[in-house]
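Work through the exercises below with the model open. Try each task before reading its solution.

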Amino acid sequence: MGDNPLLKRAYALDGDLDKTRNVYADWAKSYDKDTIAGMGYVAPDIAAAALASRVADDALILDAGCGTGLVGEALSRHGVTAIDGLDLSEEMLQVAAEKSVYRNLAVADLTAPLPIAPDTYDAAISVGVFTSGHVGPDAIADLARVVKPGAPIVLTVHENVWEADLYPEYLSDMEAGGQLRIDEVVEAPYHEKEGYRCRLCLLLAA
Ligand SMILES: C[S@@+](CC[C@H](N)C(=O)[O-])C[C@H]1O[C@@H](n2cnc3c(N)ncnc32)[C@H](O)[C@@H]1O
């Protein structure tokens, strides 16, 4: 890992929501510069490109754990502009709001059931959220619930948690249980300068 102290604090999180809020409150203002220029954070653009190639330009997208809005910006560059964002951190959402690429932004905890009706969205995307001490694989089921049947769900899963947190088993079980279909899982760059990779999961809601 590089020497950015906020990245170290983020990787040391343990699922305690107050600690997560504190890290991202401290990081919000410098997050884009630290991650894009500092770490070579390419995952938002890679995931957004994958999603944009699977939906119509007017599709309604849920960006789960949108942070400062890097994914919303990338989706907009790819021509997809109807995007709602959710995140635990008010400070990260404030930065996202300044970019004017989201239709709605709201505070929400992805580890609890989302206050969203079933079949609301045409697709969901979540980048940088399924990682150490943030959100675990059990949150995928609720993303599958809030998108329409057959809708794409694009997730990055950090390489450090892919096996350790049993993502292959969760996804296989969800597929066997009829909750989603696994379209493709590919290895992809994540933080290029830090040398981290991720699994880019291309799923389809059942
Ligand atoms: C590494 S950032 C990724 C943000 C953005 N998706 C990106 O790619 O730049 C992780 C984000 O997950 C959010 N997060 C962590 N735990 C969460 C939870 N339980 N519910 C909702 N958001 C959460 C954090 O607040 C932070 O904005």
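For residue classes, Ala, Val, Leu, Ile, Met, Phe, Trp, Tyr, Cys and Pro count as nonpolar; Asp, Glu, Lys and Arg count as charged; the others, Gly among them, count as polar. Keep in mind that this is a predicted model.

**Exercise 1. Find the cavity and describe its lining.**

Step 1. Search the whole structure for cavities of 30 Å³ or more. The search returns 1.

Step 2. Take the volume. The largest cavity holds about 510 Å³ of space.

Step 3. List the lining. It has 38 residues, and Tyr-24, Gly-65, Gly-128, Val-129 and His-134 lie nearest the centre of the cavity.

Step 4. Sort the lining by class. The count is 22 nonpolar, 13 polar and 3 charged residues.

Step 5. Assign the lining to elements. At least two residues each come from helices H1 (5–11), H2, H3 (31–39) and H5 (70–77), and from strands S2 (82–87), S4 and S6 (180–191). H2 gives the most, with 5 residues.

**Exercise 2. Place the ligand and describe its shell.**

Step 1. Locate the ligand. The space it takes is the largest cavity.

Step 2. Collect the residues with a heavy atom within 4 Å of the ligand. There are 23 around the ligand, and Tyr-31, Tyr-41, Gly-65, Asp-87 and Val-127 come nearest.

Step 3. Sort the shell by class. It has 14 nonpolar, 7 polar and 2 charged residues.

Step 4. Assign the shell to elements. Helix H2 (17–27) and strand S4 (123–130) each supply at least two of its residues.

**Exercise 3. Pick out polar contacts of the ligand, then its cover.**

Step 1. Apply the cut-off: a pair of N or O atoms within 3.5 Å.

Step 2. Start with a ligand oxygen. A polar side-chain atom of Tyr-41 lies 2.7 Å from it.

Step 3. Turn to ligand nitrogen. An N or O atom in the side chain of Asp-109 is 2.8 Å from a nitrogen atom of the ligand. Leu-88 uses its backbone instead: an N or O atom there lies 3.2 Å from a ligand nitrogen.

Step 4. Check the cover. On its own the ligand has 590 Å² of accessible area, and the protein covers 97% of that.

**Exercise 4. Characterise Asp-18.**

Step 1. Which element holds Asp-18? Asp-18 is in helix H2.

Step 2. Find a side-chain partner. The side chains of Asp-18 and Arg-21 make a polar contact at 2.8 Å.

Step 3. Compare sequence and space for Asp-18 and Lys-8. They are 10 residues apart in sequence, and their C-alpha atoms are 17 Å apart.

Notes:
Residues are numbered from 1 along each chain as its sequence is written. This is a predicted model: local features need pLDDT of at least 70, side-chain atom pairs count only at pLDDT 80 or more; totals for chains, interfaces and linings use all residues. Side-chain values use heavy atoms; hydrogens and water are left out. A polar contact is a pair of N or O atoms within 3.5 Å; within protein, one must be able to donate a hydrogen and the other to accept it, and residues adjacent in sequence count only if both atoms are side-chain atoms. Accessible areas come from the Shrake-Rupley method with a 1.4 Å probe; for residues, only the protein chains shown count as cover. On a 1 Å grid over the protein atoms alone, a cavity is a set of points where a 1.4 Å probe fits but cannot get out, and a pocket is an open set with protein on both sides within 12 Å along at least five of seven lines; lining residues have an atom within 4 Å of a point. A molecule sits in a cavity or pocket if more than half of its atoms lie within 2 Å of its grid points. Helices (H or I, at least four residues) and strands (E, at least two) are DSSP runs, numbered from the N terminus. Grid points are joined across faces, edges and corners, and a volume is the space filled by probe spheres set on the points.
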